[in-house]
Structure formats: structure tokens, C-alpha cells
There are 2 protein chains.
Amino acid sequence: MLNKDKKILIVGLGLIGGSYAQALKREGFYVGAVTRSQSSIDYALSHGFIDTGSTEVSAESVGGYDLVVFALYPNVLLKWLETNQGLLKQGALLTDVTGVKSCVVYKVQAMLRSDLEFVGAHPMAGREVYGVRNADCSIFRGANYIVTPTDANTPAAIADIEELGRVLGFARISRLSPERHDEMIGFLSQLTHCIAVALMTCRDVEHMSAYSGDSFRDLTRIARINEDMWSELFLLNSDVLVNQIDIFVSQMLGIRDAVACGDVEKLRELMKLSTSRRALFDK
Amino acid sequence: MLNKDKKILIVGLGLIGGSYAQALKREGFYVGAVTRSQSSIDYALSHGFIDTGSTEVSAESVGGYDLVVFALYPNVLLKWLETNQGLLKQGALLTDVTGVKSCVVYKVQAMLRSDLEFVGAHPMAGREVYGVRNADCSIFRGANYIVTPTDANTPAAIADIEELGRVLGFARISRLSPERHDEMIGFLSQLTHCIAVALMTCRDVEHMSAYSGDSFRDLTRIARINEDMWSELFLLNSDVLVNQIDIFVSQMLGIRDAVACGDVEKLRELMKLSTSRRALFDK
């Protein structure tokens, strides 16, 4: 049970880790943090996001927590656990926030001490700004939170990580296998970021801002993108993403050909289907 | 000079025509309308958008106006003028609201009575709903308005149509040749609508709304699309649009290949360029 006696450690005080800390402190949990920069710790302490924090990973700084949230890039998370899992509390529950799952969850579960349990989770929230100074737990409101359990997980641990999503304020908590998650996110999130980047870089746009309407702004909002994080996420899900790009490009070329040969009926049919499907997302 | 003595006729009381009428009445102009449906006239009269309106095109209903705004689909506009331009007032100034220009402006100017003058304009505003019942002139606030004069136009008429954009409340008034306009709009608006439709129709999405984040919603907001209007706009600008799709798809395939072969440097470079360029559109 994720009750208020549980002490929670955030590993990595960035935008997401900081927002987790802020939300959990508000809910009355004891929250500790380890992160690389002392100034992030200082900021989080002075803003009441955490009870304690350290830039050192030691038995003292990480060994007293029942729940550990890794708010790190996937590859950093794997290395952290390799090096430091011996320091974690007996029986601790672990989770993460990364946007790819198959390549993280199974590796973590395979390397983990037998008394620890890891349940992957993906909080589908973010901003175009970074760092704990931009942390703001209101980004979770109305957003989706996906838990990705495997056969290695216990019902109790899965329930705790789902409860964490509720405590953080997410609107919808769902459960997907790591594979289904990655396939879905390859389409809904990674492909859309590829599109935004392609649109922003495929031709000269320097002189265009005076002529753009809302549509171009909408499609490129996410073109302000953290290149380190997203290039890593893309490559960790590359088979899925390449497939989603191929499916999308094939549809674009179908529209291209309909435009080129004046096939107004095909264009209208596609637009009608598009309109009716989009309604599902406005609920 | 576009002063308050000028009487303005709106031809076509849809979302845009209705919003023009509403804005112009508020500014104190005398506004008349002709449109196909009596219920649209009744709505506009009862909401104070117009002073008078008719479903009949006659010397009485269209012959007394100094400025005539055609808020019609491009092909309907051309037919209307062919049939009815003889009824318009001597020396009247004409403009339109259509999203494609080369194929409209030159044809109109070539067929026009020598005492009439037509200056094309594109109000870059719209909504995902239609009809005069959704008219709302606040959609012009913060939006762009592009005037597309040609050698056939006089400085005084161009100035009047630019002034019309200011009176309507547009934030930015620009001037482009019809060809430059269509090239710009092919990229900024038509290509983005193609992308939204392709994204919404390229695979099954029925079960996905529980997992989508803001990015997918942003990229598909315009996937609710008026199939009659947009298929016509696409085909009237087909050479430009096909070219823009090809440029965009080629960039998508470049990203695809970088993902497929793990070229993290190329991905980071593209994302950095994307981020810096996007900043231009946030001003």
C-alpha cells in the first residue's frame, strides 16, 4: 500500500523528477532526492519539493527509501542500477518515467536483486523547457499515465505504481505490456516528434513567421525538442519508429498522388475518415 | 478611402463571411449580404451582423455597394462573377477570402468589367466549425491577413483592402504576389493539413485516445477538416502542394534512415536546427 509512511526517493531532479517531488510533498510524503547538481538540490529544498537531497549516491542518501523513482534517461538509469542497486533498501519498489519501455523494463528486471521489484511507468506529460526550475506538477493534470508490468511483477507492486499515478494527479491510468506501449508511443509520440522536426527543417522558413496560421504553429510546437533525450528515445525504439514512419509516409504519398492526378473523391473520403476519427480524441 | 460612408456587401454568409459582417457592423459600416439560405440571412439579421440581406442576386440586392467581399469557394466565386458582375455598382472595389490566389486572382482580373477592381486577400483565420451560426470575429485577433495585389491593381485599391484587414482586427497585414502566397500557403497550411489527415488515417487509432499525449492532439487538431473546401483548395494549388509534400517526405525519410542506422549525430543536428528555428515562431 502506498500510504504516507512510505519514504520516496527521486533519482534525477529534472523537469519530471522535480514535478514528481513537488506533487508527492504536497500529498504529504517524505521525499528525498539524489541528483548531479547541488544547485538543483538547493532549488528543490528552498521550494519545498523535497525533505532532503544529496549529490552523493551512498547508503545514507539512497538506502532508506521504500519507493524509488528513476527520473533519468534510459541508459543512465541502467548504469545507475548496475553500480548502485546494492545500496537500496531491502524490498524497495522501483519505477521509472522513461518514454520507451521494452528496452528498459526487461533489462532492469533481469539485473535486479531478487528482493527488489521494478514496475515500469510512463507519465505522458512534459514541457518544452527543462530542469527542476521549470518543475510544475500541474502538467500531470488531465494527462495519461501508463504502467507497463511484466510477468516478473506482483499484483501488489503494480497496484502501488498505479496508485502513484493517481497520487500525482494523472487523469487516466492505463496498463499496457512494454511491447504494446512502445508500439503505441512510436506512433502517437515519436512519429509526431519526427514530423514536427521534419516540417521545421525541410526547407527555409526564416521569413515565414509573418504568414503562418495556427496550423503550422500547432504542428511544430514540439519542434522545440531536447536533442539528447529524444535522439536516445528514438534509437531505443528504432524498429518500431522506422515502421511507423514508413506507414505514415506511405499515406502521405497516397495523398500526394491523389492531389497530383486530381482525385477529388479520394481526398474527400480521406478527409471524412480523418474528421470522424479525430472526434474520438476530443472527448 | 475605406471610410464609414462606404457600403459593404458580403457575398456568402458562412463562418468567414459572417465574421466579416459582424466585425464590420461593429465598426459602424452599413453591411448587406447575399447568400443561398434564408435562415443564414435571418440569423445574421437577428444577431445584428447585417443591415439587410437577400437570397436573390439582383440589381437591388447587390448594386448599391462600394466594396464587395466574396466569401465563397474559389470556383463558386468565378461563376458568380461571370453571371452577375453586370449588376455591381460602377467603380466598386472587390475582394475575396480564398486560401489559394494564383488561380483566382488572375482569372477574376481578366474577366472583370474595366470599371471594377479586384484585390485578392487571404484572412488566415478559421475554425473547425462552419456556417454563420459559428461566426465570431474574435478569430481575426492575433491572426495574419495577406493581400495579393498584381500589376492590374491601383495603389488606392490595395491600400483600401489592407485597411479592411486592419478594420477587421487582424494583427499583421502583409503583401505578397499571388505566386509567393500560394507557395507559402502550400507549405504552411496545405501541407500541414495533409500531414494531419495522413496521421489520422494511416493506421487504426480507435483504441488510442487513452494513450495519446498533447503532441498527437496538437498535430491532429486540424484533422477535423471540411472535405469540400480543402479538396478544392488542394487541387487548385496542386503543383505547389505536390512539391511541398515531396520536400517534406524526403526529410522524413532522412530522419527514418538516421533512426534505422543509429546515426545519433544526424538526429541531434536536425533537432538543434528545429529547436532554433521554432523559436522564430514563438515571438
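Good morning. I begin where two helices of different chains meet: Val197(A), Met200(A) and Thr201(A) in α7(A) contact Leu270(B), Met271(B), Leu273(B), Ser274(B), Arg277(B) and Arg278(B) in α11(B). Sorted by class, this contact holds 5 nonpolar, 2 polar and 2 charged residues. Please bear in mind throughout that the model is a predicted one.

Let me describe the geometry of that contact. Helix α7 of chain A spans residues 178–201, and helix α11 of chain B spans residues 264–278. Their axes lie 9 Å apart and make an angle of about 70°. An angle from 65 to 115 degrees counts as roughly perpendicular, and α7(A) and α11(B) are therefore described in that way. The handedness of the crossing between α7(A) and α11(B) is left-handed.

I turn now to the relation between the chains. A turn of 180°, with a shift of 0.0 Å along the axis, lays chain B on chain A with an RMSD of 0.0 Å. This is the relation of a two-fold axis. Which residue of chain B comes closest to the rotation axis? That residue is Leu219(B), whose C-alpha lies at 2.3 Å. As for the interface, 100% of the interface residues of chain B are also interface residues in chain A, so the copies meet through the same surface.

Next, helix α7(A) within its own chain. Here α7(A) packs against helix α10 of chain A, residues 238–260, at an angle of about 65° and with 9 Å between the axes. The crossing of α7(A) and α10(A) is right-handed. On the α7(A) side, the contact is formed by Asp182(A), Glu183(A), Gly186(A), Phe187(A), Gln190(A), Leu191(A) and Cys194(A). On the α10(A) side, the residues are Val240(A), Leu241(A), Gln244(A), Ile245(A) and Phe248(A). By class, the contact of α7(A) with α10(A) comprises 7 nonpolar, 3 polar and 2 charged residues.

Finally, I place these helices in the context of chain A as a whole. Chain A contains 11 helices and 8 strands. Along the principal axes, its C-alpha atoms fill a box of roughly 70 × 45 × 35 Å. Chain A has 283 residues, of which 51% count as buried. Among contacts in chain A with a separation of 6 or more, 71% join residues 24 or more positions apart.

To close, I return to helix α7(A): this helix packs with α10(A) in chain A and with α11(B) in chain B. Thank you for your attention.

Notes
Residues are numbered from 1 along each chain as its sequence is written. Chains are lettered from A and ligands numbered from 1 in the order in which they are written. This is a predicted model: local features need pLDDT of at least 70, side-chain atom pairs count only at pLDDT 80 or more; totals for chains, interfaces and linings use all residues. Copies are superposed by least squares on the C-alpha atoms of residues with pLDDT of at least 70 in both. Two residues are in contact if their C-beta atoms, placed from the backbone, lie within 7 Å. Axes are lines fitted to C-alpha atoms, for helices over the stretch in contact, and angles run from 0 to 180 degrees between N-to-C directions. Helices (H or I, at least four residues) and strands (E, at least two) are DSSP runs, numbered from the N terminus. Angles under 35 degrees count as roughly parallel, over 145 as roughly antiparallel, 65 to 115 as roughly perpendicular and the rest as oblique. A crossing is left-handed if the near helix is turned anticlockwise from the far one by less than a right angle, and right-handed if clockwise. Ala, Val, Leu, Ile, Met, Phe, Trp, Tyr, Cys and Pro count as nonpolar, Asp, Glu, Lys and Arg as charged, and the others, Gly among them, as polar. A residue is buried if 20 or more other C-beta atoms lie within 10 Å of its own, exposed if 12 or fewer, and partly exposed in between; C-beta atoms are placed from the backbone.
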